[in-house]
Amino acid sequence: MEISETTDKQTATELFEELAADGVDTDEMQEFIDEHGHKDFVLYFEDYQQAVKEYDLEIVNSFLEEFDLADLSRISDAYHGQYDSGAEFAEQLVGDCGYIHGDLPYWIEVDWQKTWDNLSYDYTEINGHIFTNNF
């Protein structure tokens, strides 16, 4: 074991004990350490805990499937909500931007899936959650 690993583990142990004394769930902390390691526990656990509190575990885990722990403090900039599909998000975004005014006549069809395909360079859909790639 390298000295830096030992230092990371000691620092993590101190933080673990401090947070446990403050009432933080020890199983949750241990699970985080097992998945991400001691160094990341020290660096990012409090951001992780805050994100889970502000959003929920499913959203945070979805975010972490695509983005790094270091980005977790920016989840509020990245998260755009939950949708049934990228196409549904595309339709909502186009409407919110004012590009379509009111209801379209029945004979006009917009291919929301292709619109989503165009948007997917700037957005990512994970488990129904939409995140911007540009935060």
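**View A. A nonpolar patch on the surface of the predicted model.** Five residues make up this patch: Leu104, Tyr106, Trp107, Ile108 and Val110. Together they offer about 570 Å² of accessible area. Look for Trp107 in the loop between α6 (86-96) and α7 (112-119). With a relative accessible area of 59%, Trp107 counts as exposed, because the cut-off for that label is over 50%.

**View B. Phe32 and Tyr48, a tilted aromatic pair.** The structure has 16 aromatic pairs, and here's one of them. The ring centres of Phe32 and Tyr48 sit 4.9 Å apart. Their planes meet at 55°, so we call the pair tilted. Phe32 belongs to helix α2 (residues 26-36) and Tyr48 to helix α3 (residues 38-54). That makes this a link between distant parts of the chain, with the two positions 16 residues apart in numbering. Both Phe32 and Tyr48 are buried.

**View C. Phe41 and Phe45, a tilted pair within one helix.** This time both partners, Phe41 and Phe45, come from helix α3. They are four residues apart, or about one turn of the helix. Why would that spacing suit a pair? An α-helix has 3.6 residues a turn, so residues three or four places apart point the same way. The rings of Phe41 and Phe45 have centres 5.0 Å apart, and their planes are at 35°, so this pair is tilted. Phe41 is buried, and Phe45 is too.

**View D. Helix α4, its cap and its buried side.** At the N-terminal end of α4, Asp56 does the capping: one of its side-chain oxygens lies 3.0 Å from the backbone nitrogen of Glu58. Which residues of helix α4 (residues 57-66) are buried? They are Ile59, Val60, Ser62, Phe63 and Leu64. These buried residues pack against α3, α5 (75-78), β1 (79-82), β2 (123-126) and β3 (129-132). Phe63 is also part of an aromatic cluster, along with Tyr55, Phe67, Tyr79, Phe131 and Phe135.

**View E. Thr124 and its surroundings.** Thr124 is found in strand β2. Is Thr124 buried or exposed? Its relative accessibility is 13%, so Thr124 counts as buried, since the limit is under 20%. The side chain of Thr124 makes a polar contact of 2.5 Å with the side chain of Asn133. Setting aside neighbours within four places in sequence, Thr124 touches Glu66, Phe67, Trp116, His129, Ile130, Phe131 and Asn133. Among these, Phe67 and Phe131 turn up again in the aromatic cluster of View D.

Terms used: Residues numbered from 1 in each chain as written. Predicted model: local features only at pLDDT ≥ 70, side-chain atom pairs only at ≥ 80, totals over all residues. Heavy atoms only, no water. Patch = residues over 30% accessible without salt bridge, like charges linked within 9 Å, V, L, I, M, F, W, Y side chains within 5 Å. Areas by Shrake-Rupley, 256 points an atom, 1.4 Å probe, with all protein chains shown as cover. Salt bridge = Lys/Arg side-chain N within 4 Å of Asp/Glu carboxyl O. Buried < 20%, exposed > 50% of the residue type's maximum accessible area, 1.4 Å probe, protein only. Phe/Tyr/Trp six-rings, centres within 6.5 Å; stacked < 30°, edge-to-face > 60°. Contact = heavy atoms within 4.5 Å. Polar contact = N/O pair within 3.5 Å; in protein donor to acceptor, adjacent residues only side chain to side chain.
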